[in-house]
Amino acid sequence: MSYYMPVMLDLRGQKVIVIGGGAVAERRVLALLDAEAAVVVVSPSLSTALSALAEAGGLNWLNRSYAPGDLRGAFLVYATSSDDEVNEQVAAEARSLGLPVNVASRAEAGNFITPGVLRRGRLTVAVSTSGAGPSAAARITEQLSEVLGEEYEPYLDFLHQLRTEIKRREPSAEVRGRLLRRLSRLDVLNEMRQGTFIEWTPQDVEAWIAGNRGD
């Protein structure tokens, strides 16, 4: 069994090429646009949603079939054509250029796979079954969504706000470490689950930092 290295990529402004314009391509493109990638789709036809995005300027559409040389300058490549032979050709070119490529029709032909994803604001959870099946990954992701509820989004925003203030206000590394450890022990998540959490004001944040600096 092959093990994959989980990696979170910053795709902002990066050129990502998607070969194919059907349902699979649509799912990939929508996720890539959420990540602010510069998406190029190479396909003689597009799904309704992708066509609308192309017309609105959300992606660059090359209205033709894949041709060797199309992958130059890419950061990532997705081979999502309904033609398996085309996908194999795309994978071969990507490998020759040293590019990461995902092959929808045969995962082992590429060198990265697309996991199931659960998002809660700043929280991103990726689920992979290492080829056991996308339906299994989807079920596991759904189960995780029941455990990791919507309250995680405001909770992580709260932690980020306080962490930022601690780093801004406290020059001592020792004291910053102490404050961050105490921050992790706050029972804010349960308060948000129970609906009893009261939003902290800037004065509350300042008072908490001042009151927790000491040993």
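Which residues form one aromatic cluster? In this structure, which is a predicted model, the members of that cluster are Phe158, Phe197, Trp200 and Trp208. I shall return to two of them after describing the sheet.

Let us begin with the strands. As general background, the strands of a sheet pair through backbone hydrogen bonds, in either a parallel or an antiparallel manner. Here, five strands make up an open sheet, and their order is S3-S2-S1-S4-S5, with parallel pairing. The edges are occupied by strand S3, residues 60–62, and by S5; each has a single partner strand, so one side of each is left without a neighbour in the sheet. On average, and with direction ignored, neighbouring strands of this sheet are turned by 15° against each other.

One pairing may serve as an illustration. Strand S1, residues 15–19, runs parallel to strand S2, residues 38–42, and the two are joined over five bridges. Within this pairing, Lys15 is found opposite Ala38 of S2.

I now turn to the aromatic rings. How many aromatic pairs does a search of the whole structure find? The search gives five. In one of them, the ring centres of Tyr78 and Phe112 are 5.3 Å apart; their planes stand at 85°, and the pair is therefore edge-to-face, since an angle over 60 degrees counts as such. Tyr78 belongs to strand S4, residues 76–79, whereas Phe112 sits in the loop between strand S5 (101–103) and strand S6 (116–120), so this pair ties together parts that are 34 residues apart in sequence. Are these two residues buried or exposed? Both Tyr78 and Phe112 are buried.

A further pair takes us back to the cluster. The rings of Phe158 and Phe197 have centres 5.6 Å apart and planes at 80°, so this pair too is edge-to-face. Phe158 is part of helix H5, residues 152–169, while Phe197 lies in the loop between helix H7 (188–194) and helix H8 (202–211); the pair therefore ties together parts that are 39 residues apart in sequence. Phe158 and Phe197 are likewise buried.

Finally, we follow helix H5 to its contact with helix H6, residues 173–184. The axes of H5 and H6 come within 10 Å and cross at roughly 165°. The two helices are therefore roughly antiparallel to each other, and H5 passes H6 in a right-handed crossing. On the H5 side, the contact is made by Phe158, Leu159, Leu162, Arg163, Ile166 and Lys167. On the H6 side, Arg176, Leu179, Leu180 and Leu183 take part. Phe158 thus appears both in the aromatic cluster and in this helix contact.

How values were computed
Residues numbered from 1 in each chain as written. Predicted model: local features only at pLDDT ≥ 70, side-chain atom pairs only at ≥ 80, totals over all residues. Heavy atoms only, no water. Phe/Tyr/Trp six-rings, centres within 6.5 Å; stacked < 30°, edge-to-face > 60°. Helix = DSSP H or I, 4+ residues; strand = E, 2+ residues; numbered from the N terminus. Buried < 20%, exposed > 50% of the residue type's maximum accessible area, 1.4 Å probe, protein only. Pairing = 2+ DSSP bridges. Axes fitted to C-alpha atoms, helices over the stretch in contact; angles between N-to-C directions. Parallel < 35°, antiparallel > 145°, perpendicular 65-115°, else oblique. Left-handed = near helix turned anticlockwise from the far one by under 90°. Contact = heavy atoms within 4.5 Å.
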